[in-house]
Every structure is written in C-alpha cells, then in structure tokens.
Amino acid sequence: MKRRKSKIIRNTTETQISLSLDLDKAEKSKIATSLPFMDHMLNLFAAHAGITLDIKAAGDTEIDDHHLIEDIGITLGKALKECLGDKKGIARYGNFLLPMDEALSYIALDLSGRPFLSYEVDIKFQTTGFNYDLIQEFFYALASNALMTLHIKMLKGRNNHHIAESIFKGFGRALKQAIAKTKSSKVPSTKGVL
Ligand SMILES: [Mn+2]
C-alpha cells in the first residue's frame with residue numbers, strides 16, 4: 001500500500017484553510033486554526049488516531065466560529081477520503097467507548113462510502129466562550145465529505161470540555177481502528193467497492 005497522505009488548500013470568501021494529512025505517520029501535528037479550543041480538540045484527535053494533521057486556518061470569526069469550524073470539517077473530510085483512495089486492505093470499521101473523567105462517549109464508524117451522521121450529545125448551551133453546538137456542524141461536514149457513516153453518542157457527562165474531549169478522543173481511537181491496515185489486499189466489502 002502506498003503512503004496515505006493528502007494536502008488540500010481551500011480558500012473561500014469566508015475561510016482560508018491549508019491542511020495536510022498523513023495516515024501513515026504519527027508525529028506531532030501542527031494545528032493553528034485561530035480557535036485555541038479547536039486546536040486543542042484536533043490535536044487530541046490526531047494523537048489518538050495515530051496520524052499527523054497539520055492545519056493552518058483562518059476565517060470570518062468576527063461573525064462567529066461557524067464558517068471556520070464547518071470548513072475545517074469539510075477540508076478534513078475531503079483529505080481523509082483522498083488518503084483512503086480505493087480502501088483496499090483497511091479494516092473499514094471502528095468503535096470506541098471513551099471515558100474522560102465523568103464524561104463517557106461511544107463512537108462507531110464505517111468508512112462506507114455513504115455519508116451519515118447520528119449525533120446524540122446533550123451538551124449545555126453557554127453564552128460565553130466556545131460554542132459547543134458547533135461540534136455537531138464539524139462532524140456533519142466531516143462525515144459528509146469523507147463519505148463516512150458516523151455515530152456519536154454521549155452516554156454521560158457534566159462538564160462541556162470533558163464531553164468534547166471524550167468525543168474527539170473517541171473519534172480518533174475509532175478512526176485509528178478503521179484505517180488500520182489488514183493482511184488482505186482486497187476492498188473490505190462483499191460488493192467489492194466502498
Ligand atoms: Mn482539555
């Protein structure tokens with residue numbers, strides 16, 4: 001299998017994103033999205049997925065963080081799809097139950113070629129600081145562009161930061177399983193195509 005890496009530059013009137021993804025190298029990621037909370041989450045995700053993710057991003061955050069977070073999700077999804085190519089010789093499925101102190105989230109995914117997101121997360125609205133509602137927008141954009149079936153279910157949690165960490169780390173661990181190389185050189189589907 002050849003090295004699975006991709007670089008995508010995506011510029012719109014709303015956001016400017018440069019993203020490099022390497023699924024076969026687990027080095028320290030360089031993430032600078034201009035949103036420190038997203039940098040923290042994406043660093044956790046990449047470390048737990050065992051991948052290298054470099055992102056330089058900026059956007060119209062004077063409005064709010066919506067465009068930038070959604071567009072990072074779009075770009076990461078496209079890069080992931082490009083890295084996976086024909087999906088020969090990978091595990092395809094992954095799932096992880098991840099505790100972060102009192103928070104507990106379950107993530108299940110299938111690199112199915114079909115976009116789907118189920119997001120059941122009971123996160124409290126807060127009027128200041130990071131808008132946690134945007135995490136759903138991020139994963140919707142990611143699943144839609146990676147063509148991935150993704151279930152995210154929060155089982156327990158009280159603190160928003162902990163809940164978010166349980167989701168991003170759990171997603172990383174589940175993705176690590178799904179992109180893992182197997183001994184087979186075939187597409188992991190009875191259809192022959194994913
Ligand atoms: Mn933290």
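**Exercise 1. In which helix is Gly73 found, and is Gly73 buried or exposed?**

Solution. This is a predicted model, so let us begin with a single residue and work outwards.

- Step 1: Gly73 belongs to helix 2, which covers residues 66-84.
- Step 2: Count the other C-beta atoms within 10 Å of Gly73, and you get 23. The cut-off for a buried residue is 20 or more, so Gly73 is buried with its 23.
- Step 3: Look for contacts of Gly73, leaving aside neighbours within four places in sequence; they are Glu137, Phe138, Phe139, Ala141 and Leu142.
- Step 4: Now try a distance. Gly73 and Tyr106 lie 33 residues apart in sequence, and their C-alpha atoms are 20 Å apart in space.

**Exercise 2. Work out the order of the strands in the open sheet of 4 strands.**

Solution. Take the pairs in turn.

- Step 1: Strand 5 and strand 6 run antiparallel and are joined by 8 bridges. One bridge pairs Pro99 with Leu104 in strand 6. The two strands make a hairpin with 2 residues between them, and in the turn Asp101 has a positive phi of about 50 degrees.
- Step 2: Strand 6 is also joined to strand 8, by 7 bridges, and this pair is antiparallel too. Here Leu109 is opposite Leu150 in strand 8.
- Step 3: Strand 8 (residues 149-156) pairs with strand 7 in the parallel sense, over 5 bridges. Glu120 faces Lys153 of strand 8.
- Step 4: Put the pairs together, and the order reads 5-6-8-7, with mixed pairing. Strand 5 (93-100) and strand 7 (116-120) are the edge strands, each pairing on one side only. On average, neighbouring strands in this sheet are turned by 10 degrees against each other, direction ignored.

**Exercise 3. Which helices pack on or lie across these strands?**

Solution. Follow each helix to the strands it meets.

- Step 1: Helix 3 (residues 134-146) packs on the sheet and touches strand 7 and strand 8. Its direction makes about 160 degrees with that of strand 7.
- Step 2: Helix 4 (residues 160-179) lies across strand 5, strand 6 and strand 8, and runs at about 150 degrees to strand 5.

**Exercise 4. Sort the side chains of strand 6 by the face they point to.**

Solution. A general rule helps here.

- Step 1: Side chains in a regular strand alternate between the two faces of the sheet.
- Step 2: In strand 6, Ala103, Ser105, Ile107 and Leu109 point to one face and are buried.
- Step 3: Leu104, Tyr106, Ala108 and Asp110 point to the other face and are not buried.

**Exercise 5. Find the residues with the most contacts inside the largest nonpolar core.**

Solution. Start from the general tendency, then go to the residues.

- Step 1: Nonpolar side chains tend to be buried together in soluble globular proteins.
- Step 2: The largest nonpolar core holds 51 residues, and Leu42, Ile55 and Ile72 have the most contacts inside it. Helix 4 gives the most to this core, with 9 residues.
- Step 3: Zoom in on Leu42, which touches Ile31, Leu53 and Ile55 when residues up to four places away in sequence are not counted.

**Exercise 6. Describe the protein as a whole.**

Solution. Step back and look at the full chain.

- Step 1: The protein has 4 helices and 8 strands, following the pattern β-β-β-α-β-α-β-β-β-α-β-α along the sequence.
- Step 2: Its radius of gyration is 16 Å, close to the 16 Å given by the globule rule for 194 residues, so the protein is as compact as a globular protein of that length.
- Step 3: Of the 194 residues, 37% are buried.

Terms used:
Residues are numbered from 1 along each chain as its sequence is written. This is a predicted model: local features need pLDDT of at least 70, side-chain atom pairs count only at pLDDT 80 or more; totals for chains, interfaces and linings use all residues. Two strands pair if DSSP finds at least two bridges between them. Axes are lines fitted to C-alpha atoms, for helices over the stretch in contact, and angles run from 0 to 180 degrees between N-to-C directions. Two residues are in contact if their C-beta atoms, placed from the backbone, lie within 7 Å. A residue is buried if 20 or more other C-beta atoms lie within 10 Å of its own, exposed if 12 or fewer, and partly exposed in between; C-beta atoms are placed from the backbone. The radius of gyration is taken over C-alpha atoms; the globule rule is 2.2 Å times the number of residues to the power 0.38. A nonpolar core is a set of buried Ala, Val, Leu, Ile, Met, Phe, Trp, Tyr and Cys residues joined through C-beta atoms within 7 Å.
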